[in-house]
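Here are my notes on the model, set out point by point for comparison with the coordinates. They concern the sheet and the helix packed on it.

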Amino acid sequence: MDDCIFCKIAAHQIPSTVVYEDDKVIAFDDLAPQAPVHTLVIPKDHYANIIDGVPADVLAAMVNAVSEVARVKGLDDGFRVIANTGEVAGQTVHHFHMHVLGGKPLGENLV
């Protein structure tokens, strides 16, 4: 999509702090982190959300990327993965993405 910010990041048209990348996905640090570690994992192809017909191989690549982000960021003690779907759920960018959040125990003020 021409006007999708995440498509532009995936195409390296907008700079980002890339944490992991392969042929199907890219992971980069969130510009407005909600935790000490807040990395987004997105497919390079555009899908509006997790139920927008995302192929199984892309979903598998997303899960692998989450694992790589956790390893690179040192989240050995645990982390959360969130995929908001729709505006009511808090999705603000309508390009499927997973948030990898960690760095402090759940329940503590994360920022």
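**Notes on the sheet**

1. In this predicted model, Thr39 stands opposite Val100 in S5. The two residues belong to a pairing in which strand S3 (residues 37-43) and strand S5 (residues 98-102) run antiparallel and are joined by five bridges.

2. On its other pairing, S5 meets S4 in the antiparallel sense over three bridges, and here Arg80 is the residue that stands opposite Leu101 in S5.

3. These pairings fit into an open sheet of five strands, whose order is S1-S2-S3-S5-S4 and whose pairing is antiparallel. The edges are formed by strand S1 (18-21) and strand S4 (80-82), each of which pairs on one side only, and from one strand to the next the twist averages 20 degrees. As a general reminder, the strands of a sheet pair through backbone hydrogen bonds, in either a parallel or an antiparallel sense.

4. Which residues of S5 point one way, and which the other? Met98, Val100 and Gly102 point one way from the strand, whereas His99 and Leu101 point the other way, and all of them are buried. S5 is accordingly described as mostly covered, with five of its five residues buried; the cut-off applied for "buried" is under 20% relative accessible area.

5. Helix H2 (residues 56-72) lies across S1, strand S2 (25-29), S3, S4 and S5. Relative to S3, the helix runs at about 160 degrees, a value that I would ask the reader to view alongside the strand order S1-S2-S3-S5-S4.

Notes
Residues numbered from 1 in each chain as written. Predicted model: local features only at pLDDT ≥ 70, side-chain atom pairs only at ≥ 80, totals over all residues. Heavy atoms only, no water. Pairing = 2+ DSSP bridges. Helix = DSSP H or I, 4+ residues; strand = E, 2+ residues; numbered from the N terminus. Axes fitted to C-alpha atoms, helices over the stretch in contact; angles between N-to-C directions. Contact = heavy atoms within 4.5 Å. Buried < 20%, exposed > 50% of the residue type's maximum accessible area, 1.4 Å probe, protein only.
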